[in-house]
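Trainee: Could we go through this model together? I'd like to practise reading it one question at a time.

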Amino acid sequence: MAVSYNNLWKLLIDRKLKRTELIDICGISSNVLAKLGKDEPVSMESLEKICVALNCNIEDVVQFIEG
């Protein structure tokens, strides 16, 4: 099962935020941001930081794709 962070990118566009701003806003590392950009799995802790900082739910950030 693959992951997709397209929901996160759409959320950032709606809020007029840049991808790199996630590092400051959420307290994630640049390595996590790189993994998100490549649709690679990241830790639940990182996803929690993003959800808390953006005041959203996990489904607003990540989606699982069968393939």
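**The core and its helices**

Mentor: Happily, and keep in mind that this is a predicted model. The largest nonpolar core has 20 residues, and those touching the most other members are Y5, L8, W9, L22, L36, I50 and L54. Helices α1 (6-14), α2 (21-26), α3 (30-37) and α4 (44-54) each supply at least two residues of this core.

Trainee: Leaving aside its neighbours within four places in sequence, which residues is L36 in contact with?

Mentor: L36 is a good one to pick, as it is among the core residues that touch the most other members. L36 is also one of the buried residues of α3. Leaving aside neighbours within four places in sequence, its contacts are Y5, L8, W9, I28, V42 and I50.

Trainee: Do the buried residues of α1 lie on the same side or on opposite sides of the helix?

Mentor: Start with the list: L8, W9, L11 and L12 are buried in α1. Because these residues cover an arc of only 160° around the axis, they sit on the same side of α1. The general rule helps here: an α-helix has 3.6 residues a turn, so residues three or four places apart point the same way. For the buried residues of α1, then, the answer is the same side.

Trainee: Which exposed residues does the face of α1 turned away from its buried side carry?

Mentor: First see where the buried side goes: the buried residues of α1 pack against α2, α3 and α4. The face turned away from that buried side carries exposed residues, namely K10, I13 and D14.

Trainee: What arc do the buried residues of α3 cover?

Mentor: The buried residues in α3 are V32, L33 and L36, and they pack against α1, α2 and α4. They lie on the same side of α3 because the arc they cover around the axis is only 100°.

**Positive phi values**

Trainee: Which residue with a positive phi follows α1?

Mentor: As background, most residues other than glycine have a negative phi. In the loop between α1 and α2 there is an exposed residue, with a relative accessible area of 73%. Its phi is near 55°, a positive value in a residue other than glycine. The residue that follows α1 is K16.

Trainee: And where is N55 found, and is N55 buried or exposed?

Mentor: N55 has a positive phi of about 55° although it is not a glycine. It is found in the loop between α4 and β2 (63-65). Exposed means over 50% relative accessible area, and N55 is at 69%, so it counts as exposed.

Trainee: Which residue with a positive phi follows α3?

Mentor: Here too phi is near 55°. This residue is also in contact with S4 of strand β1. The residue that follows α3 is D39.

**Two more residues**

Trainee: With which side chain does the side chain of S4 make a polar contact?

Mentor: S4 lies in strand β1 (residues 2-4) and is buried, at 2% relative accessibility. Leaving aside neighbours within four places in sequence, S4 is in contact with D39, V61, V62, Q63 and I65. The polar contact, at 3.3 Å, is with the side chain of N6.

Trainee: How far apart in space are M44 and M1, C-alpha to C-alpha?

Mentor: M44 is in helix α4 and is exposed, with a relative accessible area of 60%. M44 and M1 are 43 residues apart in sequence. In space, C-alpha to C-alpha, they are separated by 16 Å.

Methods. Residues numbered from 1 in each chain as written. Predicted model: local features only at pLDDT ≥ 70, side-chain atom pairs only at ≥ 80, totals over all residues. Heavy atoms only, no water. Core = buried A, V, L, I, M, F, W, Y, C linked by side-chain atoms within 4.5 Å. Buried < 20%, exposed > 50% of the residue type's maximum accessible area, 1.4 Å probe, protein only. Helix = DSSP H or I, 4+ residues; strand = E, 2+ residues; numbered from the N terminus. Contact = heavy atoms within 4.5 Å. Arc of directions from axis to C-beta. Polar contact = N/O pair within 3.5 Å; in protein donor to acceptor, adjacent residues only side chain to side chain.
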